[in-house]
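Please walk through this structure with me, beginning with how the protein chains meet and then turning to the DNA strands.

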2 protein chains.
Amino acid sequence: MADVMIHEFLLGFIKIYILQFADKEPVYGKEIHDQLEEFGFKISFGTLYNTFHGFEEKGYLVHEERNVNGKIRKYYRITKHGREALATAKGKARELFTALYE
Amino acid sequence: MADVMIHEFLLGFIKIYILQFADKEPVYGKEIHDQLEEFGFKISFGTLYNTFHGFEEKGYLVHEERNVNGKIRKYYRITKHGREALATAKGKARELFTALYE
DNA sequence: GATCGTGATATCAGATGTTGATATCAACAT
DNA sequence: ATGTTGATATCAACATCTGATATCACGATC
């Protein structure tokens, strides 16, 4: 029940977090999926990979393939444009967040 | 451009804000729509009224009709159950927010 | 008491976003 | 070749969002 609610409210927020993560270090899909799940946030693989593709189309992220233990991973990292978008999104998120906690 | 992005990221967050607002004082649709717009957040009337109805179905809000200057407004206020949902959502939002700014 | 104006709410068809089960992929092992 | 494995991709079914338009309830005007 809380799961559904959290999802309705925070899926968009999770997408900001993906950009943020990719700003700190290159990330790949499964990693972020599992990490989010660990903290009680869920995003389906369908949405997750689609989000990566969308961000790449918008020029927020670029990816590079790496072979890790014989498996291909696509590591995404942020671009200049993505960093600008992230800053804007964070700023707006902060505004709303402040309104929640003032 | 920023508008679209903000929306993709923050629509869910805006819904938490609606609950929060209804926790402080009774609110009606147009009021919150215009107030959000003033701060650069947009939510369509379709989504907004649908959100009110959904929250009422879930038992988060109840409404009461008031005649103001000869016009009917539906003022929504939060319920006990809604307050619990709000607290949960705010807690989770804080977790994500903290991750963004640490 | 019929018609109009107004602020607000409701609707719903079309567009867009999400899901998750399933398919596919690339590398390595046997 | 065939199988295994970790990961990514797909896509039909489903859910959500939009916004133009309709509707509502009341008061005013004639």
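**Two chains and two DNA strands**

Between chain B and chain A there are four salt bridges, as counted in what is a predicted model. In one of them, Glu8(B) pairs with Lys58(A), and the closest N and O atoms of this salt bridge are 3.1 Å apart. Polar contacts add to the picture, for 13 residue pairs between chain B and chain A are in polar contact, counting pairs in which both residues have a pLDDT of 80 or more. On the side of chain B that touches chain A, H1 and helix H4 (80–101) of chain B each supply at least two residues, and H4(B) gives the most, with 14 residues. Sorted by class, that side of chain B has 21 nonpolar, five polar and seven charged residues.

The extent of this interface can be described in residues and in area. In residues, 33 of chain B are in contact with 33 of chain A. In area, chain B and chain A bury about 3600 Å² between them, and 73% of this lies on carbon and sulfur atoms. Within chain B, the residues that lose the most area to chain A are Phe9(B), Leu96(B) and Leu100(B), which together make up 21% of what that side buries.

How are the two chains arranged with respect to each other? Chain B is superposed on chain A by a rotation of 180 degrees with 0.0 Å of shift along its axis, and the RMSD is 0.0 Å. The two copies are therefore related as by a two-fold rotation axis. In chain B, the C-alpha nearest this axis belongs to Gly12(B), and it lies 3.2 Å from the axis. Both copies use the same surface, since 100% of the contact residues of chain B recur in chain A.

With the protein pair in view, we can turn to the DNA, starting with strand D. Around DNA strand D there are 19 residues, of which Tyr49(A), His53(A), Lys71(A), His7(B) and Thr47(B) come nearest. Of the atoms of DNA strand D that come within 4 Å of the protein, sugar and phosphate account for 75%. From chain B, the side chain of Thr47(B) has an N or O atom 2.3 Å from a phosphate oxygen of DNA strand D, while a polar side-chain atom of Lys15(B) lies 3.2 Å from a phosphate oxygen of that strand. Asn67(B) has a polar side-chain atom 3.3 Å from a sugar or linking oxygen of DNA strand D. The largest share of the surface near DNA strand D comes from S2(A), with four residues, and the residues of this surface divide into five nonpolar, nine polar and five charged.

DNA strand C is also surrounded by 19 residues, and the closest are His7(A), Thr47(A), Tyr49(B), His53(B) and Lys71(B). Here sugar and phosphate account for 78% of the strand's atoms that come within 4 Å of the protein. A phosphate oxygen of DNA strand C is 2.9 Å from an N or O atom in the side chain of Lys74(B), and a polar side-chain atom of Tyr28(B) lies 3.3 Å from a phosphate oxygen of DNA strand C. Lys71(B), by contrast, has a side-chain N or O atom 3.5 Å from a base oxygen of DNA strand C. S2(B) gives the most to the surface near DNA strand C, with four residues, and that surface holds five nonpolar, nine polar and five charged residues.

How values were computed: Residues are numbered from 1 along each chain as its sequence is written. Chains are lettered from A and ligands numbered from 1 in the order in which they are written. This is a predicted model: local features need pLDDT of at least 70, side-chain atom pairs count only at pLDDT 80 or more; totals for chains, interfaces and linings use all residues. Side-chain values use heavy atoms; hydrogens and water are left out. A residue is near a molecule or strand if one of its heavy atoms lies within 4 Å of it. A polar contact is a pair of N or O atoms within 3.5 Å; within protein, one must be able to donate a hydrogen and the other to accept it, and residues adjacent in sequence count only if both atoms are side-chain atoms. Ala, Val, Leu, Ile, Met, Phe, Trp, Tyr, Cys and Pro count as nonpolar, Asp, Glu, Lys and Arg as charged, and the others, Gly among them, as polar. Contact means heavy atoms within 4.5 Å. Buried area is the accessible area (1.4 Å probe) that two parts lose on being put together, summed over both. A salt bridge is a side-chain nitrogen of Lys or Arg within 4 Å of a carboxyl oxygen of Asp or Glu. Copies are superposed by least squares on the C-alpha atoms of residues with pLDDT of at least 70 in both.
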